[in-house]
Each structure stands twice: as structure tokens, then as C-alpha cells.
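Me: I have a model open and want to go through part of it. Can we start with one residue and work outwards?

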Amino acid sequence: MTERLRAVIADDQALVRTGFRMILAADGIEVAAEAADGDEAVAAVRRTRPDVVLMDIRMPRMDGLEATRRILAGGAEDTRVLILTTYDLDHYVYAALAAGASGFLLKDVTPEHLVAAVRLVRSGDALLAPTITRRLVERFARRDNVKPTLHRDLSQLTPRELDVLRLLATGLSNAELADRLTLSVATVKTHVARILAKLGLRDRVQAVVVAYETGLISPGGTG
């Protein structure tokens, strides 16, 4: 039997927490704790060491962005954070992704999508498609009022790895990358894994952010 997946739900709305708890529990996912603000979320993660945190952005006392930073900087290497947001995507979401969050969910997500998302990020994948990440980055990256959040030296990447990173940031899937570069999907996955390792990134979401913030690719362009 596989180990049971454990989650923490952080949201200042009790109704949201209750709804998410019922959906996850119905699919066999254990909700180890709930939190009504960022302080409680950080404490709950330190206490329960969950696999996934569903993290609201706008909460009292400490918001979800700061809570995400503290959780991922505090030694919770195996914990993945999913940001809960509305359709009004703001710079908090972008900053949370750059801080290490593995993606975001809209608060009106369907039960099936919620469960699938939690299981996906637990497996070590990034939830949102690079095209969605690109939309966020194009909206907020390289603006005067937004400071770079990820500082990485791309000189350690090979020319082929730079090609892969540049195309990944335009929203191509592994299969599309393989077709564009005339490589096997397995080889593309190897290149992506090496890029993440060399740049010290958690997943391909952060890789997209780095590609924009370093100027490898420009908002609205193809690099």
C-alpha cells in the first residue's frame, strides 16, 4: 500500500476550509491541520509535516506569501505549496511562485481538479501549465516596481540546456520540446532535470520565472 497523502488547508474562511476538507477526505487524502492565517499555517506545517499545503494569499496577521516563504525556507523540502487565488491574478501569486510554490488553484476549482492538483504536486510535478505561468510572468516580470525574486547564473548551462529553457518558458510541453528539438521525450526530461539541478530550482514553474527575470526571454517575445 502507498503512504497516505497528507495536507494542510490555510484559508481565513471557515467555509472554504470545510469544503476543501470534505473533498479531500472523500478521496482518501488526510487533512492533517487547518489554519486561519499565515502564522497558524507555518506552525501547522512545522507540527504535521504535510505533503501539500493549500495556501490562501490574503489572510490576516501573516499573508500566504510570507507564510510560503517561511515554510519553504524552513527546511520543509518535501512539502509542496499550492496557492489559492481568485481570477484577479496579482503580483502576490507571481511572487509566491518565485518563492517556491508549485502552482496555484482558483478558489472555484472543481472537486475533481482539486484532488488531481494535490496528487500531482505531491508527485513532484508543477501544477500549472507553463503557458499560465508565462501569462503571470509577462504581466509582472521586469517592471520597475517588481524586484527580481530569483537570481540565477545561466552561464553554467550548456547551449542545449539554454535552448530547452528558452522553449520551456514559451509554454511548450515536454512532447512539444522533443518535437521542436528533434529529441526523445526522455532526453528532454533529462535536460529539464539538469537545468533545475544546476540552477537550484524546485520545478519548471520556477524555471519559467528565471527565464524571464534573467532576460533569456522577454515578455511578449520568444527570447
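Me: Leaving aside neighbours within four places in sequence, which residues is alanine 7 in contact with?

Reply: This is a predicted model. In it, alanine 7 is in contact with Leu24, Ile29, Glu30, Val31, Ala32, Ala33, Pro50 and Val52, not counting its neighbours within four places in sequence.

Me: Take isoleucine 29 from that. How many residues apart are alanine 7 and isoleucine 29 in sequence, and what's the distance in space?

Reply: They are 22 residues apart in sequence, and the C-alpha to C-alpha distance is 7.2 Å.

Me: Is alanine 7 buried or exposed?

Reply: Alanine 7 counts as buried because its relative accessible area is 0%, and the cut-off for buried is under 20%.

Me: Which strand is alanine 7 in, and how many of that strand's residues are buried?

Reply: Alanine 7 belongs to strand β1. That strand covers residues 6-10, and four of its five residues are buried.

Me: OK, pairing next. In what sense do β1 and β2 pair?

Reply: Parallel, over five bridges, with β2 made up of residues 30-35. The chain goes from β1 to β2 by way of helix α1, residues 14-26, and this β-α-β crossover is right-handed.

Me: And how many bridges link β1 and β3?

Reply: Four, also in the parallel sense. Strand β3 is residues 52-56.

Me: Which residues are the bridge partners of alanine 10 in β2 and in β3?

Reply: In β2 the partner of alanine 10 is alanine 35. In β3 the partner is methionine 55.

Technical notes. Residues are numbered from 1 along each chain as its sequence is written. This is a predicted model: local features need pLDDT of at least 70, side-chain atom pairs count only at pLDDT 80 or more; totals for chains, interfaces and linings use all residues. Side-chain values use heavy atoms; hydrogens and water are left out. Buried means under 20% relative accessible area, exposed over 50%, partly exposed in between (1.4 Å probe, protein chains only). Helices (H or I, at least four residues) and strands (E, at least two) are DSSP runs, numbered from the N terminus. Two strands pair if DSSP finds at least two bridges between them. A crossover is right-handed if, with the strands pointing away from the viewer, the path from the first strand over the helix to the second runs clockwise. Contact means heavy atoms within 4.5 Å.
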